[in-house]
Amino acid sequence: MKPRVVLDTNVIVSAFLNRRGKEALVLRLGLQNAFQMCASEQILHEYETVLRRPKFGRPAQLVTKMMVNIRASSG
């Protein structure tokens, strides 16, 4: 049985902003099913709301793609 992990929003944001950091490694491992990512609809909504903040300056399409991948890997 794989460990089940809930990633804090700060981890998701850090991974999104710095693809070379430790947080990005953790997110990649989750997306590759090294562990079971767990997130409720409320948590997924928070991830997306924060990632879409203008201060991060990320294209909407990139956020959408990331959220599709996170949703597919979360149980």
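Which residues line the largest pocket? The close-ups below come from a predicted model, and the first one takes up that question.

**View 1. The largest pocket and its lining.** Let's go round the wall: Ala15, Phe16, Arg19, Ala24, Leu27, Arg28, Leu31, Leu62, Lys65, Met66 and Asn69 line the largest pocket. The space inside comes to about 230 Å³. Three helices share the job, since H1 (9-17), H2 and H4 each supply at least two residues of the lining. Sort the lining residues by class and you get seven nonpolar, one polar and three charged. Keep Leu27 in mind as one of the lining residues, for Leu27 is also among the H2 residues that meet H1 and among those that meet H4.

**View 2. Helix H1 against helix H2.** Here the two helices pack at an angle of about 105°, and their axes are 7 Å apart. An angle from 65 to 115 degrees counts as roughly perpendicular, so H1 is roughly perpendicular to H2. On the H1 side, look for Val11, Ile12, Ser14 and Ala15; on the H2 side, the residues they meet are Glu23, Ala24 and Leu27. By class, this contact has five nonpolar residues, one polar and one charged. Ala15 and Ala24 should look familiar, as both also turn up in the lining of the largest pocket.

**View 3. Val11 and its partner across the helices.** Zoom in on Val11, which sits in helix H1. Is Val11 buried or partly exposed? Val11 has a relative accessibility of 22%, so it counts as partly exposed; the cut-off for buried is under 20%. Now find Leu27: along the chain, Val11 and Leu27 are 16 residues apart, yet their C-alpha atoms are separated by 7.9 Å.

**View 4. Helix H2 against helix H4.** This time H2 (residues 22-31) packs with H4 (residues 60-73) at an angle of about 55°, and the axes are 9 Å apart. That angle makes H2 oblique to H4. From H2 come Leu27, Gly30 and Leu31, which meet Met66, Asn69, Ile70 and Ser73 of H4. The class count for this contact is four nonpolar, three polar and no charged residues. Several of these names belong to the pocket lining too, including Leu31, Met66 and Asn69.

**View 5. Ser73 and the residues it touches.** Ser73 is part of helix H4. Is Ser73 buried or exposed? With a relative accessible area of 9%, Ser73 is buried. Leaving out residues up to four places away in sequence, Ser73 touches Gly30, Leu31, Asn33, Gln36 and Met37. Gly30 and Leu31 are the H2 residues of that group named in the contact with H4.

**View 6. Asn33 and its positive phi.** Follow the chain to the loop between H2 and strand S2 (36-37), and you will find Asn33 there. What is unusual to look at here is the backbone: most residues other than glycine have a negative phi. Phi of Asn33, however, is near 65°, a positive value. Asn33 counts as partly exposed, at 36% relative accessibility, and Asn33 is also one of the residues that Ser73 touches.

**View 7. Thr49 in helix H3.** For the last stop, pick out Thr49 in helix H3 (residues 41-51). Its relative accessible area is 41%, so Thr49 is partly exposed. How far apart are the C-alpha atoms of Thr49 and Val63? They are separated by 9.7 Å, with the two residues 14 apart along the chain.

How values were computed: Residues numbered from 1 in each chain as written. Predicted model: local features only at pLDDT ≥ 70, side-chain atom pairs only at ≥ 80, totals over all residues. Heavy atoms only, no water. Axes fitted to C-alpha atoms, helices over the stretch in contact; angles between N-to-C directions. Helix = DSSP H or I, 4+ residues; strand = E, 2+ residues; numbered from the N terminus. Parallel < 35°, antiparallel > 145°, perpendicular 65-115°, else oblique. Contact = heavy atoms within 4.5 Å. Nonpolar A, V, L, I, M, F, W, Y, C, P; charged D, E, K, R; others polar. Buried < 20%, exposed > 50% of the residue type's maximum accessible area, 1.4 Å probe, protein only. 1 Å grid on protein atoms, 1.4 Å probe; cavity = no way out; pocket = protein on both sides within 12 Å on 5 of 7 lines; lining within 4 Å. Points joined across faces, edges and corners; volume = space filled by probe spheres on them.
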